[in-house]
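Here are my notes on the model, point by point. Please read them with the structure open.

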Amino acid sequence: MQATPDDALYADLSWPALIAAPAVWDQRSDCSSVVIAVIDSGIGLGHSEFAGRLWTNSGEIPDNGIDDDGNGFADDVHGWDFIEDDATPDDRYGHGTHVAGLIGAAGNNGDGVTGICWNARIMVLKVFDAAGLTTTDRVVRALDYAVENGASVINLSLGGTGGANGDLTYGALERARSSDVLVIAAAGNEGRDNDIEPFFPASYDLDNIIAVASSSSADGISSFSNYGAVSVDMAAPGESVLSTFPFLNGKTDFEAFDSIQDWRHVSASWRVEEVDAVDKRLCGLSDPSGAGSRYTANSDSMAFRQYDPEGEGPVRVSFLAKIDTEPLHDRFEVLWGTGSSAPQNLLTYATGPRFQTVGWIQYSFLIEESGPIQLGFRLKSNSSVEAEGVTVSALSLSRQNDVSAYKRMSGTSMATPLVAGAAALLRSADPSCPYLDIKNALLAGGRPAPAFAGKSGTGRILDLPGAAANGGTCLFP
């Protein structure tokens, strides 16, 4: 027998078949006997897929402002927000909700999607702000919180370069190891060899970490995925994965650019470029796609326009940009404001070598306003080098509401929670089963994939029945 859930969007999910999940769901689909910590941007707490599926701190009385269980956090019923330092880890970025849905979106309830675990206990630990930024301190505190409050599986769909064995994050993960906690970490999305340039925390030398690459629907290595014969353990599907999302209630009426007259304070150097009948772009001073034109030295020019969310904010701003500016001197800024004057509040800026690129960079921001806002793009140059400027495309402004939405995303961030969910499903059969047995079952039970031979330690892709069959007596007895 093979159990498949009746969720309305189940037919749109490719990953269950790719990891042969239905063959195991017939035996077990409930992970609620273990706690899974998702250290990310939070979760859309109002999303219907997580109702009754969040970890609950039984030692805490909700909303009384008292740290009832003495763990150092007052009212931490479902986890903690390490950004605002409060007990409401609501997702203002979207990434964490997507990740959590792959682990534990409600399964077989006739609605939406399903996670690997049809029922789960997810501990929500928010370390990323609305712009997708975090700090080492927040991640370390979240790791310690997860361990001290009973998580047995931790999902880390995050990372970067610059770490080292023995640093602060390593210490927190070592403490997790001492508490028998298994950590699943993303290998990264730079398309490079982590054996040469490590990506942390996936590359830490700790045996309680499983480093996960992304595979395609044809069992190939995703073009964006990092790899490593030594530093990456296995792969899981990570391309165009449909999962839960906390907002984006439709796009606005100017996701494309109609004309330059729609923008204010526009110099002659700003223009709208029509690519085809539907795709238009706002070009800042010139086009960095290779046209050869250059912006003027000693210039300061802005284009901005108004958007009114009609009382249903906050507003999510997303766009793509190509940027070519003089390193460390010239500056591209994204600003917002209220009223009718030019916006003054800085969302982000770009300058320096990493922003000299012919490729598109994705930007996404949350503006905590429900009334009319002004959104502006500004380019400032100094007196020396004249570069190619900036092009903005695919702009959308959307009202953010507590809606139960869904979205496709790609990345090792999506592959990682599939392995974390599989680990939780296996461990739920016997929560006392040691982390190393769970890890070995997942690695040994993977499906061999020629594309990953020499690209990961196992050369295998997640296979749920294979993992269950390789767990020994402590798994699926």
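1. Start with the cross-link. The link of C31 and C117 is left-handed, with -80° about the S-S bond. The pair connects distant parts of the chain, 86 residues apart. C31 sits in the loop between helix 2 (22-25) and strand 1 (36-40). C117 sits in the loop between helix 3 (95-104) and strand 3 (122-126). Note that this is a predicted model.

2. The S to S distance for C31 and C117 is 2.0 Å. A search of the whole structure turns up one disulfide. Are its two cysteines buried or exposed? C31 has 0% relative accessibility, so C31 counts as buried. C117 is also at 0% and is buried.

3. Next, strand 11 (residues 300-307). Six of its eight residues are buried, so strand 11 is largely enclosed by the rest of the structure. Strand 11 runs antiparallel to strand 16 (residues 373-380), and eight bridges join the two. One register check: M302 has R378 of strand 16 as its bridge partner.

4. Now the charged pairs. Searching the whole structure gives 12 salt bridges. One of them joins D207 and R177, at 2.7 Å from N to O. These two lie 30 residues apart: D207 is in the loop between strand 5 (182-186) and strand 6 (209-215), and R177 is in helix 5 (residues 168-178). D207 is partly exposed at 28% relative accessibility. R177 is partly exposed at 35%.

5. Which residue pairs with D180 in a salt bridge? The partner is R427, with the closest N and O atoms 2.6 Å apart. D180 is in the loop between helix 5 and strand 5, and R427 is in helix 6 (residues 412-429), so the salt bridge ties together parts 247 residues apart in sequence. The two ends are worth checking for burial. D180 is partly exposed, at 27% relative accessibility. R427 is buried, with a relative accessible area of 1%.

6. D219 and R447 also meet through their side chains in a salt bridge, 2.8 Å from N to O. D219 belongs to the loop between strand 6 and strand 7 (234-237), and R447 to strand 19 (residues 447-448), so this pair ties together parts 228 residues apart in sequence. D219 is partly exposed, with a relative accessible area of 22%. R447 is partly exposed too, at 23%. Beyond this pair, D300, R331, E333, R378 and K380 are joined into one network by salt bridges that share partners. R378 in that network is the residue already named as bridge partner of M302.

7. Please look closely at D233. This residue is in the loop between strand 6 and strand 7. What is the nearest side chain of opposite charge? That is K439, 4.5 Å away. A salt bridge needs a nitrogen-to-oxygen distance within 4 Å. D233 is buried yet has no salt bridge.

8. What does the side chain of D233 reach? It reaches the backbone nitrogen of A211, at 2.7 Å. Leaving aside neighbours within four places in sequence, D233 is in contact with I209, I210 and A211. On the same basis, its contacts also include K439, L443, S456, G457 and T458. K439 is thus listed as a contact of D233, though D233 has no salt bridge.

Note on methods: Residues are numbered from 1 along each chain as its sequence is written. This is a predicted model: local features need pLDDT of at least 70, side-chain atom pairs count only at pLDDT 80 or more; totals for chains, interfaces and linings use all residues. Side-chain values use heavy atoms; hydrogens and water are left out. A disulfide is a pair of cysteine sulfur atoms within 2.5 Å. Helices (H or I, at least four residues) and strands (E, at least two) are DSSP runs, numbered from the N terminus. Buried means under 20% relative accessible area, exposed over 50%, partly exposed in between (1.4 Å probe, protein chains only). Two strands pair if DSSP finds at least two bridges between them. Lys and Arg count as positive and Asp and Glu as negative; His and the chain ends are not counted. A polar contact is a pair of N or O atoms within 3.5 Å; within protein, one must be able to donate a hydrogen and the other to accept it, and residues adjacent in sequence count only if both atoms are side-chain atoms. Contact means heavy atoms within 4.5 Å.
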